[in-house]
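Reader: Could you walk me through this model before I take it to the bench? I have a handful of short questions.

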Amino acid sequence: PGTTSQQLVLLGGVDYANFAQTESMLVAMDLAGGPGGVPDGALDIIVGYPAGEAVGSDAFPCASLPGGDPLDKRCFGVYLFGSTRIQQPQFQFRWNNTSPVLPHPATDHNPDPTAAASDLEWTISDFNALRTKVGAAPIDRTGNAPWSINMLAFAGSFGDDGIGEDNLPNGGLL
């Protein structure tokens with residue numbers, strides 16, 4: 001972490017430290033918008049490390065942090081999904097200073113992954129409150145009422161010479 005391997009340098013790539021600049025990892029969710037508050041196929045929320053602001057975004061809260069590029073692990077959080085299109089989700093993080101949805105608390109449990117502790121684990125606090133904010137019904141904690149969610153995930157960087165931009169699923173939503 002923190003350096004670019006010689007193999008990547010030879011390919012013309014760069015590995016930025018701390019999920020900075022073009023590096024991103026995210027999970028986007030469609031929670032509501034359809035009849036009765038069910039998912040409608042349009043993503044509502046995105047959580048993770050942004051690679052850029054969506055069109056129309058207010059400045060990210062991390063923009064006021066001292067030192068260096070504000071687009072790094074310090075920008076981790078919950079954002080609105082900034083577009084109706086799902087391509088290049090790493091650039092769809094949208095902050096809105098007047099949104100009733102934001103801010104919403106989330107925790108990055110391993111912001112400094114290492115070879116020994118390489119997993120990323122995030123928690124969105126009070127997920128039912130977030131669902132309510134976007135117009136979805138709370139999840140029935142007894143497990144008796146069904147609920148649904150559409151998701152997509154992305155991990156990658158456009159600074160790494162085209163190596164490893166991964167989408168799940170590889171087109172569309174889960």
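Author: What follows takes the model topic by topic, as you ask.

Reader: Before that, what kind of model is it, and which residues and atoms count?

Author: This is a predicted model, where local features need pLDDT of at least 70 and side-chain atom pairs count only at pLDDT 80 or more, while totals for chains, interfaces and linings use all residues. Residues are numbered from 1 along each chain as its sequence is written, and side-chain values use heavy atoms, with hydrogens and water left out.

Reader: OK, how many helices and strands does the protein chain have?

Author: The protein chain has two helices and eight strands, where helices (H or I, at least four residues) and strands (E, at least two) are DSSP runs numbered from the N terminus. Along the sequence they follow the pattern α-β-β-β-β-β-β-α-β-β.

Reader: And what share of the residues is buried?

Author: Of the 174 residues in the protein chain, 36% are buried, with buried meaning under 20% relative accessible area, exposed over 50%, and partly exposed in between (1.4 Å probe, protein chains only). The chain exposes about 9100 Å², and carbon and sulfur atoms supply 56% of that area; accessible areas come from the Shrake-Rupley method with a 1.4 Å probe, and for residues only the protein chains shown count as cover.

Reader: Which strands make up the open sheet, and in what order?

Author: The open sheet has six strands in the order β4-β3-β2-β1-β7-β8, with antiparallel pairing, and two strands are taken to pair if DSSP finds at least two bridges between them. At the edges are β4 (93-94) and β8 (166-168), each of which pairs on one side only.

Reader: How many bridges are there between β1 and β7?

Author: Strand β1 (residues 23-30) and strand β7 (residues 150-157) pair in the antiparallel sense over eight bridges, and within this pairing Asp-30 stands opposite Asn-150 of β7. On to β8: three bridges join β7 to β8, again antiparallel, and Ala-153 has Leu-168 in β8 as its bridge partner.

Reader: What about β2 and β3, how many bridges there?

Author: β2 and β3 pair in the antiparallel sense over four bridges, and Gly-48 has Gly-77 in β3 as its bridge partner.

Reader: Switching topic: how many disulfides are there, and which cysteines are joined?

Author: Taking a disulfide as a pair of cysteine sulfur atoms within 2.5 Å, the count comes to one disulfide. This disulfide joins Cys-62 to Cys-75, with an S to S distance of 1.8 Å. Both Cys-62 and Cys-75 lie in the loop between β2 (45-49) and β3 (77-81), 13 residues apart.

Reader: Which hand does that link have, and are the two cysteines buried or exposed?

Author: The link of Cys-62 and Cys-75 is right-handed, with 85° about the S-S bond. Cys-62 counts as buried because its relative accessible area is 5%, and Cys-75 is likewise buried because its value is 1%.

Reader: Ser-57 caught my eye, so where is it found and what does its side chain reach?

Author: Ser-57 is found in the loop between β2 and β3, and it counts as buried because its relative accessibility is 16%. The side chain of Ser-57 reaches the backbone nitrogen of Trp-95 at 2.9 Å. Leaving aside neighbours within four places in sequence, Ser-57 is in contact (heavy atoms within 4.5 Å) with Phe-93, Arg-94 and Trp-95.

Reader: Now the backbone: where is there a cis peptide bond?

Author: A cis peptide bond joins Leu-102 and Pro-103, with omega of about -5°, and Pro-103 lies in the loop between β4 and β5.

Reader: And which residues other than glycine have a positive phi?

Author: Among them are Gln-88, with phi near 50°, and Asp-126, with a positive phi of about 45°. As background, most residues other than glycine have a negative phi, and most peptide bonds are trans. Gln-88 is in the loop between β3 and β4 and is partly exposed because its relative accessible area is 39%. Asp-126 is in the loop between β6 and α2 (127-133) and also counts as partly exposed, because its relative accessibility is 47%.

Terms used. A polar contact is a pair of N or O atoms within 3.5 Å; within protein, one must be able to donate a hydrogen and the other to accept it, and residues adjacent in sequence count only if both atoms are side-chain atoms.
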